[in-house]
Amino acid sequence: MISFKDMITPASPPPTPSAGVEKRRLTIAKMDDERRLAFGWASVAIRVDGEQIEDWQNDMIDPEDLESAAYNFVELYREGGEMHEKGDVAVLIESVVFTEEKQEAIGIPPGTLPVGWWIGFHVTDPDVWEKVKNGEYSMFSIGGEAERVEI
């Protein structure tokens, strides 16, 4: 079984993080070449150790906001795009936001998984699938809009 720590690789090239913050990327954790399926973390709000994550834009997302965004995407969109530009290259086939409450409800011991959004896509575009297979596209990237609030 792959651990969460093993699913994260150092970013390259790494942006300059805030003091004391180590930034990493969530890589695609599982692929099925025959069926062109890719699975992994879309976003993580809280690490396994309980620390809230600061993302590449130096933002943090509360678990409740991540859960709402995930539900909105599943309900209204479900389409995967290529590099936030070309649409209709993949279809969402799996989605769950692992909140602390859900993990407890299904018997996952605390500290096993992060609080985050796990997704799976069927990649329908053969050229995009080749980029996933060869590692050019090694992670999921979610886009969105939000109001920046200083904390």
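How much area does the protein chain expose, and what share of it do carbon and sulfur atoms supply? In this predicted model, the exposed area of the protein chain comes to about 10100 Å², of which 51% is supplied by carbon and sulfur atoms. Of the 151 residues in the chain, 32% count as buried. Among contacts between residues at least 6 apart in sequence, 61% join residues that are at least 24 apart.

The secondary structure of the protein chain consists of three helices and seven strands, and their order along the sequence follows the pattern β-β-β-β-α-β-β-α-β-α. Strand β5, which covers residues 79-82, runs antiparallel to β6 and is joined to β6 by three bridges, with E82 standing opposite K86 of β6. These two strands, β5 and β6, form a hairpin with three residues between them, and M83, which lies in the turn, has a positive phi of about 55°. Strand β6 also pairs with strand β7 (residues 115-123), again in the antiparallel sense, over eight bridges; within this pairing, A90 has V123 in β7 as its bridge partner.

Aromatic contacts were examined next. The count comes to five aromatic pairs. One of these is formed by W41 and F98, whose arrangement is edge-to-face, with 6.1 Å from centre to centre and 65° between the planes. The pair links distant parts of the chain, since W41 belongs to strand β4 (residues 37-46) and F98 to strand β6 (residues 86-98), the two residues being 57 residues apart. Both W41 and F98 are buried, and together with W118 they form one aromatic cluster.

At the surface, M60, V149 and I151 make a nonpolar patch of about 370 Å². One of these residues, V149, is located in the segment after α3, the helix that spans residues 126-133. The relative accessible area of V149 is 59%, and V149 is therefore classed as exposed, a class that requires a value over 50%. The patch residue V149 thus contrasts with W41 and F98, since V149 is exposed, whereas W41 and F98 are buried.

Note on methods
Residues numbered from 1 in each chain as written. Predicted model: local features only at pLDDT ≥ 70, side-chain atom pairs only at ≥ 80, totals over all residues. Heavy atoms only, no water. Patch = residues over 30% accessible without salt bridge, like charges linked within 9 Å, V, L, I, M, F, W, Y side chains within 5 Å. Areas by Shrake-Rupley, 256 points an atom, 1.4 Å probe, with all protein chains shown as cover. Salt bridge = Lys/Arg side-chain N within 4 Å of Asp/Glu carboxyl O. Helix = DSSP H or I, 4+ residues; strand = E, 2+ residues; numbered from the N terminus. Buried < 20%, exposed > 50% of the residue type's maximum accessible area, 1.4 Å probe, protein only. Phe/Tyr/Trp six-rings, centres within 6.5 Å; stacked < 30°, edge-to-face > 60°. Contact = heavy atoms within 4.5 Å. Pairing = 2+ DSSP bridges.
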